[in-house]
Each structure stands twice: as C-alpha cells, then as structure tokens.
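Subject: Handover of a structure and notes on it

Dear colleague,

Please find the sequence and the structure below. My notes on them follow.

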Amino acid sequence: MPQVKIFSGSASQYLAEKIAAAYGTKLGDLTISRFSDGEIGVHFNESVRGAEVFIVQSTFPPADNLMELMLLVDAAKRASAHKVIVVMPYYGYARQDRKDKPRVSIGAKVLANAIQSCGADRLMTCDLHAGQIQGFFDIPVDHLDGSAIFVPYLRSLNLGSDLIFASPDVGGVVRTRSFAKNFGAEMVVCDKHRKRANEIASMQVIGDVEGMDVVLVDDMVDTAGTITKAAELLKEKGAKSVRAIATHPVLSGPAYERIENSVLEELVVSDTIPLKHESSKIKVLSFADLFARAINNVVTHESISSLFI
C-alpha cells in the first residue's frame with residue numbers, strides 16, 4: 001500500500017493539523033514562499049515519490065489560496081506522487097453554479113477546471129452549495145455530509161417532540177428534509193425573494209411553527225441577512241426558540257453584528273473556514289475527524305457513504 005502523506009496550504013493549516021492528528025500522523029513538511037512582487041513559490045521538503053498525497057486547502061478569499069493549491073498539486077505530480085488528492089473543506093465559488101442571467105461566468109465550473117488542469121486525481125469536499133457541482137468534474141469527488149457531525153450535537157440538546165426544521169430558502173429544502181428525516185420531524189420553508197445578491201426583498205414562512213423549537217439548516221452563512229431575518233420571522237410566527245446550523249461560516253460584512261443582535265439561540269458552524277471574531281452565539285464543531293475517516297476510507301478503498309448518517 002502506498003505511503004500516505006498529508007500536506008496543507010497556508011489557508012487551512014489550522015484544520016489540516018487536526019485532520020493529520022486524527023488520522024494518526026503529522027503534517028508533511030513544505031515551504032510556501034513569496035517573491036517581493038507577491039508571486040508564490042512552493043517546495044516539498046520531503047520526498048513524495050510513490051506516495052498518496054493529500055493536500056488540504058479551502059478556497060475562501062484571497063484568491064492566492066487557489067493559486068497556492070494549484071502549485072502544490074503540480075509540484076506533487078512533478079515529484080512523482082502516486083496520487084494527489086485535493087481535500088477542500090470549503091469549495092469556493094460554489095454559489096456560481098449555473099447561468100441564471102445573461103453574460104455571467106459559472107465560477108464553480110471554472111474552479112473545477114482549474115483543479116483538474118493542474119493534475120489532481122481526486123477531490124474531497126463537504127456540503128457543496130449545490131450537489132450537481134460534482135458533475136463538473138471528470139475525476140472522482142467525495143462529497144462528505146456534515147450532518148454526521150451536526151446530528152449528534154442536536155441529539156445532545158434533547159429538544160424533544162417540539163423539534164421542527166426550517167429551510168431558509170427553497171433551494172435548501174433537500175438538505176433540510178434530510179435533517180428532519182433523521183429526527184422523524186416535520187419541516188417548514190422560508191420562501192425569500194432577493195432584489196440582488198446579499199439583499200432580501202421579502203420573506204414568508206410556509207408551514208406552522210407555533211410553539212416549536214426550530215432549527216434552520218443551511219450550507220453557509222455569508223452576511224447573515226437571510227438566516228437572521230428567517231429567525232425573526234419564525235419567532236413572529238410563534239416559534240418557541242430558533243437556532244441555526246450552517247456548515248461554512250463565511251461571515252462577511254455585518255454578519256457578526258447581525259448574529260449578536262438576532263433572536264437566534266445559537267449558530268452552529270464547522271471549522272471549514274476559521275472565524276474572524278469570537279461570538280457568544282456562534283458554536284464551532286470540528287470536521288477534522290470526519291475528513292480523517294474519509295481519508296482512511298479512500299486509502300483502504302472502503303465506502304465513503306459509510307460515514308453518512
């Protein structure tokens with residue numbers, strides 16, 4: 001069996017260290033340098049010949065993170081790695097997954113092309129904004145499900161028979177229904193209409209939440225406008241409590257202020273993106289063990305779906 005080596009780009013080292021520890025190894029040694037004009041250079045400080053190389057790097061801003069990743073993949077291929085697997089906890093540009101108006105790019109496809117063009121043999125990611133992004137790749141994609149971490153946490157809260165799940169928009173219905181099914185609970189939908197990106201024109205609740213403990217489910221929180229407005233609306237409709245689960249804490253602009261001032265009991269997120277600030281209302285659950293188990297299953301040719309709930 002080929003030797004397994006786990007490396008990290010500079011953006012995701014905080015998570016990669018935990019993934020490597022959970023797998024039972026240490027991060028591989030590499031150097032990422034920058035020329036005076038900002039150009040990036042990468043160098044593996046140990047041999048990767050014949051090894052299965054896992055490179056952990058999310059593609060949240062800045063754009064250098066993607067360039068770094070591509071250079072690392074290229075360096076590993078040129079150093080005769082047996083296979084190079086990209087571990088991308090947060091897949092950036094995933095919201096640009098279709099041409100929804102004239103003369104726009106499909107950013108998720110551009111990113112897929114970039115990853116494949118530099119020689120990656122496989123991609124491992126989690127909770128894509130749209131599952132069909134897997135079809136943009138001609139290499140295997142392991143799409144992990146964050147519910148394996150979130151569901152046990154929700155069970156520990158013992159919310160009982162008053163538990164109900166809510167999707168903050170129509171696009172998240174499938175994800176929310178999956179959570180509701182795990183608890184034998186019902187679900188409602190917050191139907192929203194946007195004027196433009198990051199700005200909501202109107203929202204209404206489809207379903208009854210009177211006297212219920214509501215859990216909003218989403219794949220990411222960006223400016224937190226949708227999730228906080230949905231929580232406020234659910235409380236107005238008689239919800240006993242409202243908390244939210246979102247895998248990727250993008251949390252840009254006024255997000256932290258909105259969450260702190262919201263009616264949310266808590267926002268539960270993962271560590272696919274590091275928090276910029278601490279918040280009393282934000283709880284972070286680590287996905288390190290989930291990725292470590294997935295890496296093990298890839299190496300031993302076991303099923304990835306066995307990690308799902």
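Is Ser80 buried, exposed or partly exposed? Ser80 is partly exposed, with a relative accessible area of 32%; buried here means under 20% relative accessible area, exposed over 50%, and partly exposed in between, for a 1.4 Å probe and protein chains only.

The model is a predicted one, in which local features need pLDDT of at least 70 and side-chain atom pairs count only at pLDDT 80 or more, while totals for chains, interfaces and linings use all residues. Residues are numbered from 1 along each chain as its sequence is written, and side-chain values use heavy atoms, with hydrogens and water left out. Helices (H or I, at least four residues) and strands (E, at least two) are DSSP runs numbered from the N terminus.

Backbone geometry

Most residues other than glycine have a negative phi, and most peptide bonds are trans. Ser80 has a positive phi, near 70°, and is found in the loop between α2 and β5. Asn158 likewise has a positive phi, of about 50°. Asn158 belongs to the loop between α4 (147-156) and β8 (163-167) and counts as exposed at 66% relative accessibility. The peptide bond from Pro61 to Pro62 is cis, with omega near 5°. Pro62 lies in the loop between β4 (52-56) and α2 (64-78).

The annotated N-terminal span

The UniProt record, an unreviewed entry, places the feature "domain: Ribose-phosphate pyrophosphokinase N-terminal" at residues 4-119. UniProt positions are given in the numbering used here, feature names are shortened, and annotations may be inferred rather than shown by experiment. In the model, residues 4-119 are 32% helix and 22% strand, and the C-alpha atoms at the two ends of the span lie 18 Å apart.

The five-stranded sheet

An open sheet is formed by 5 strands in the order β1-β4-β5-β6-β7, with parallel pairing; two strands pair if DSSP finds at least two bridges between them. β1 (4-8) and β7 (141-144) stand at the edges, each with a single partner strand, so one side of each is left without a neighbour in the sheet. From one strand to the next the twist averages 20°, with axes taken as lines fitted to C-alpha atoms (for helices over the stretch in contact) and angles running from 0 to 180 degrees between N-to-C directions. Within this sheet, strand β5 (residues 83-88) and strand β6 (residues 122-126) pair in the parallel sense over 4 bridges. Opposite Met88 stands Thr125 in β6.

Strand β13 and its partners

In a regular strand the side chains alternate between the two faces of the sheet. In strand β13 (residues 267-270), Leu267 and Val269 point one way and Val268 and Ser270 the other way, and all are buried. β13 pairs in the parallel sense with strand β12 (residues 241-249) over 2 bridges, and Ala244 stands opposite Leu267. β13 also pairs in the parallel sense with strand β14 (residues 282-285), over 4 bridges; the bridge partner of Val268 in β14 is Lys283. Together, β12, helix α7 (residues 255-260) and β13 make a right-handed β-α-β unit, right-handed meaning that, with the strands pointing away from the viewer, the path from the first strand over the helix to the second runs clockwise.

Two helices

Helix α5 (residues 173-183) has Val173, Thr176, Phe179 and Ala180 buried. These residues cover an arc of only 125° around the axis, which puts them on the same side of α5; the arc is that of the directions from the helix axis to the C-beta atoms. The face turned away from that buried side carries the exposed residues Val174 and Lys181. Gly184, just after α5, takes a positive phi of about 60°.

Helix α8 (residues 288-299) has 12 residues and reaches 17 Å from its first C-alpha to its last, close to the 16 Å expected at 1.5 Å a residue. The expected span is 1.5 Å times one less than the number of residues. α8 is mostly covered, with 9 of its 12 residues buried, among them Leu290, Phe291 and Ile295. His301, just after α8, has a positive phi of about 60°.

A pair of aspartates

Asp218 is found in strand β11 (residues 213-221) and is buried, with a relative accessible area of 11%. The C-alpha atoms of Asp218 and Asp169 are separated by 8.7 Å, although the two are 49 residues apart along the chain.

Yours sincerely
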